[in-house]
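Q: Please take a close look at a single part of this protein, and set it in the context of the whole chain. I am new to this structure.

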Amino acid sequence: MLDLDWTTLAPHMPVDDVDSLYVQRPNDGAERLAAIIQRSSGPIAVVGPTGCGKSTELRMATELLDSSFPAAFCGIDHTLSLKSQAHVRVNSTLMLNMSIWALAYTRWDKLSPEFRKKLTDAGFNEKGVPLTSANEMPEDLLRETIREVHQASGKQPVLLVDGLEKCAPDEARQVVDVLLRYRTDVILVVVLPTELVTGPASYDIVSSFKLFPIRPVAVMDEPGAAWQMGRAFLKDIVFRRLTLSMPGPEDLDAVLDRAALLSGGIPRAFLQLMMDAALYGRLANRELPTLEDLQEAAGDHVESLRRLLNKGDIAALREADGTEGLEVEPERRLRFLSHGLLLEYKLADRIVVHPAPLLAGTLSRGERP
């Protein structure tokens, strides 16, 4: 009797406990990001589809940098406690203040007593909680805070900002504009929504950042793809979150393998498929989900994706399969990428796109949504 708690898969929660739950990606993960940050003056934009692991990699990169750089992770969810809001609205000045305060807090003990008093007098306590309006924090104090952290550590501070995907594009752009005012003071690393870095209107943002893509891991057997590594990476996430020893029950391996393929290499989609499959298994009094349970779970996900399709989308997705995706008109391509209908993969020295594998049946039948 395994008595597994499948809710611990927590598909929508980034890894907080990176020391025990983090699984190293086959490529373009936290180690590479940290190495680029150490050798760059920034700013750096972390980009990729929803659920691909950007937040987790950003947290791990912060951990890797912390021993040698003054690095602070600042997420809208955690800093501003906005998780429960369906539509996040964020004051760009407040976001900047909280980000820089998080940076100061990571080096609080190394700051001079005089400057610590100056900060608390300005309205922040020693736990990083603002006790005054963001608009009352003058810009010169923010820059002085950065200089003090720089002086205390001897290295340029790194500010890693997450959560802008939860903002409307215009609001995210406002936050980015404010953060960029400090591009020479700190190394900025910002997770940016697809809408800000894709299409003709993204030029001003893209030209200001070095892009660091975090793409779906390869899970399909095709030339140039290390798909075995991608599937092993996803399986390892499940084993760690369930506290199972690898290789695990033999009956489970085929289900994990199929779920990895159906997910398109998106960790969140993979975890959600497995958690839903486990629910169907429990409803049938099975301890472990079967391929039939996974098929039922996949059907639910297919229905959700089909509701995102518009007239002409099926033909466009079919035509783009295996190409660089440039054949798709910009507005439609942006929507495809934003909703995970079209996924980008790096194969050897080129980028190719494939429709979400869950849509394979829809595309082969040529159905209309």
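**Helix H12 in its setting**

A: In this predicted model, residues 24 or more positions apart account for 71% of the contacts with a separation of 6 or more. The protein has 17 helices and seven strands. Of its 369 residues, 50% count as buried. The accessible surface comes to about 17,600 Å², and carbon and sulfur atoms hold 49% of that area.

The part chosen here is helix H12, which covers residues 250–263. With 14 residues at 1.5 Å a residue, H12 should span 20 Å, and the 21 Å between its end C-alpha atoms agrees with this. Its buried residues are Leu-252, Val-255, Leu-256, Ala-259, Ala-260, Leu-262 and Ser-263. Seen down the axis of H12, these buried residues fall within an arc of 160 degrees, so they line one face of the helix. The general rule behind such a pattern is that an α-helix has 3.6 residues a turn, so residues three or four places apart point the same way.

What do the buried residues of H12 pack against? Their partners are three helices, H11 (227–242), H13 (267–283) and H14 (291–306), together with strand S6 (342–347). Just after H12 comes Gly-264, with a positive phi of about 75 degrees.

Strand S6 also leads to another residue. His-354 lies in strand S7 (residues 350–355), and its contacts beyond four places in sequence include Leu-342, Leu-343 and Tyr-345. His-354 is buried, at a relative accessible area of 11%. Its side chain makes a polar contact with the side chain of Asp-321, at 2.6 Å.

Note on methods
Residues numbered from 1 in each chain as written. Predicted model: local features only at pLDDT ≥ 70, side-chain atom pairs only at ≥ 80, totals over all residues. Heavy atoms only, no water. Helix = DSSP H or I, 4+ residues; strand = E, 2+ residues; numbered from the N terminus. Expected span 1.5 Å × (residues − 1). Buried < 20%, exposed > 50% of the residue type's maximum accessible area, 1.4 Å probe, protein only. Arc of directions from axis to C-beta. Contact = heavy atoms within 4.5 Å. Areas by Shrake-Rupley, 256 points an atom, 1.4 Å probe, with all protein chains shown as cover. Polar contact = N/O pair within 3.5 Å; in protein donor to acceptor, adjacent residues only side chain to side chain.
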